[in-house]
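This report describes the strand arrangement, the chain as a whole and selected backbone features of the structure shown below.

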Amino acid sequence: MSCWDEWVEQALSRLDSMKILRSLRPIHYPNLPFEIQPKTDNALQVFDEMRQWDRASVEIEIAESTFQRWVEDVPSSGDDLTCVNEDSECELGLRKLLLFSGNDYLGLSSHPAVANAATKVVQAHGMGPRGSALICGYTTYHRLLESCLAESKNKEDCLLCPTGFSANMAFMTVAGYVGSLSAVNETDCQDGVAIFSDALNHASIIDGIRLAERQGCVQVFIYRHCDMKHLNDLLLTCTMKKKVVVTDSLFSMDGDYAPMVQLSKLRKKHGFLLVVDDAHGTLVCGKNGGGVPEQFGCADDVDICIGTLSKAVGCHGGFIACSKRWKQLIQSRGRAFIFSTSTPVPIIAAAHAAVVVAKKETWRRKAIWNRVQEFRTLTGIPITSHIISLIVGGEEQALKASRHMLKCGFHITAIRPPTVPPNLCRLRITLSAAHTKNDIRKLTFALSQCISLRESGYFYTNGTPKL
């Protein structure tokens, strides 16, 4: 073991020299400003405007020691000084911060209906049966949420997965399996599967494709980011019949959309299977919250829609909206699904409540798009989504900007390699329906003190980054 300790220490030293040691920043979570009392009926309480509890999703506190470590860029394992219990004060106090780096886009994580749904179920069933969904972990609660999500995504059915990451892993490996079934042998893969992936797709898609490749008879083509001409050229030169095009709908590190209309046209031309990861668009985009495909009028052209419950839904888990045939195949061959314990019932109940609330409280979607418009007006940066990527250059510049924002009371982290290229480090800002117009004013003022907003827009033209 002493050798392994030495090897691990060497690895840590190398990461430290590269300045990519990651830190945990524990957040002190105060009590929610309402009493959780599960309703005896099945009705969900909804509201027509922002309430006090919504702010709990964007107003946070961290220990002073955590704050100092962050300012000084000292790596942390998460064991910074925190409160001993709810009734005591931290020795060095707490810092209040406004969160602009979370993914709770609609502020649903702190909604009373969501908390009450989870509480009601946990009191009745505890955490529910623990096991794989194929053994004993699948319940009527899971089925109810699947049906709700399938309707939202305009698909025949839906399969819940433990995380959005595992959902992409499960689907991509199953796509590879389809190719291996029809291939005569591993050296002749004309009957295999060709997977075309956007260059900036999420890590879960990339890792899923890598696993699919290991099955043999899978060829992978990477097309330049959102470059439909490049994709069309690759499709034209590929002689394989089974083609899959997979893309994020809204790219998490850049805040730009996949060209859904052009993808739909290419799908009709080439007959490929169109797979869209709508992690950041679900419930936020589209008139009814159906996501980016709905927003661009292309929902019917998307064959497989993958999503997460950990962002706008404000809970945890992932899903694959698809046909019943695809669902049966994935649950039969998707290893990331088969060999994972299913999501606990209280979380499933909370997620279902969140989806229902999001559909009824339409003001939340309007609020987040108002925040987008306000940021655009105040800064002059023509952002088009609730994800704002401000390129500031090198790592030290990004860290300096993040520290400035922290001192101004904003929780915004610097995005650095290996997540992004070394010279394209950035501040990634996310907007929420729980933010106010005044929050946006304060945010833009603080940003203007550390970076040149007029020169920070990051856009793509034919796959080439431009400042």
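## The seven-stranded sheet

In this predicted model, seven strands form an open sheet in the order β4-β10-β9-β8-β7-β5-β6, and their pairing is mixed. The edges are occupied by β4 (157–161) and β6; each has a single partner strand, so one side of each is left without a neighbour in the sheet. Averaged over neighbouring strands and with direction ignored, the turn of one strand against the next is 20 degrees.

Strands of a sheet pair through backbone hydrogen bonds, in either a parallel or an antiparallel sense. Here, strand β5 (residues 193–198) and strand β7 (residues 242–248) are parallel and are joined by five bridges. Within this pair, F196 is placed opposite V245 of β7.

## Helices on the sheet

Helix α4 (residues 140–152) packs on the sheet, where it touches β4 and β10 (318–322). The direction of α4 makes about 125 degrees with that of β4. Helix α7 lies across β5, β6 and β7, and runs at about 155 degrees to β6.

## The β2–β3 pair

Strand β2 (residues 59–63) has four of its five residues buried, so β2 is largely enclosed by the rest of the structure. Five bridges connect β2 with strand β3 (residues 94–99), and the two strands run antiparallel. One residue pair is E59 with L98, the latter being the bridge partner in β3.

## The chain as a whole

The protein chain contains 15 helices and 16 strands. Of its 467 residues, 55% are buried. The exposed surface of the protein chain is about 21,500 Å², of which carbon and sulfur atoms supply 53%. Among contacts between residues at least 6 apart in sequence, 78% join residues at least 24 apart.

## Backbone features

Most residues other than glycine have a negative phi, and most peptide bonds are trans. Which residues depart from this pattern in phi? C217 has a positive phi near 60 degrees, and C226 likewise has a positive phi near 60 degrees. C217 belongs to the loop between α6 (203–213) and β6 (218–223), whereas C226 is in the loop between β6 and α7 (228–237). Is C217 buried or exposed? With a relative accessible area of 6%, C217 is buried, since the cut-off for burial is under 20%.

The peptide bond from P417 to P418 is cis, with omega near 10 degrees. P418 is located in the loop between β13 (414–415) and β14 (425–430).

Note on methods. Residues are numbered from 1 along each chain as its sequence is written. This is a predicted model: local features need pLDDT of at least 70, side-chain atom pairs count only at pLDDT 80 or more; totals for chains, interfaces and linings use all residues. Side-chain values use heavy atoms; hydrogens and water are left out. Buried means under 20% relative accessible area, exposed over 50%, partly exposed in between (1.4 Å probe, protein chains only). Two strands pair if DSSP finds at least two bridges between them. Contact means heavy atoms within 4.5 Å. Accessible areas come from the Shrake-Rupley method with a 1.4 Å probe; for residues, only the protein chains shown count as cover. Axes are lines fitted to C-alpha atoms, for helices over the stretch in contact, and angles run from 0 to 180 degrees between N-to-C directions.
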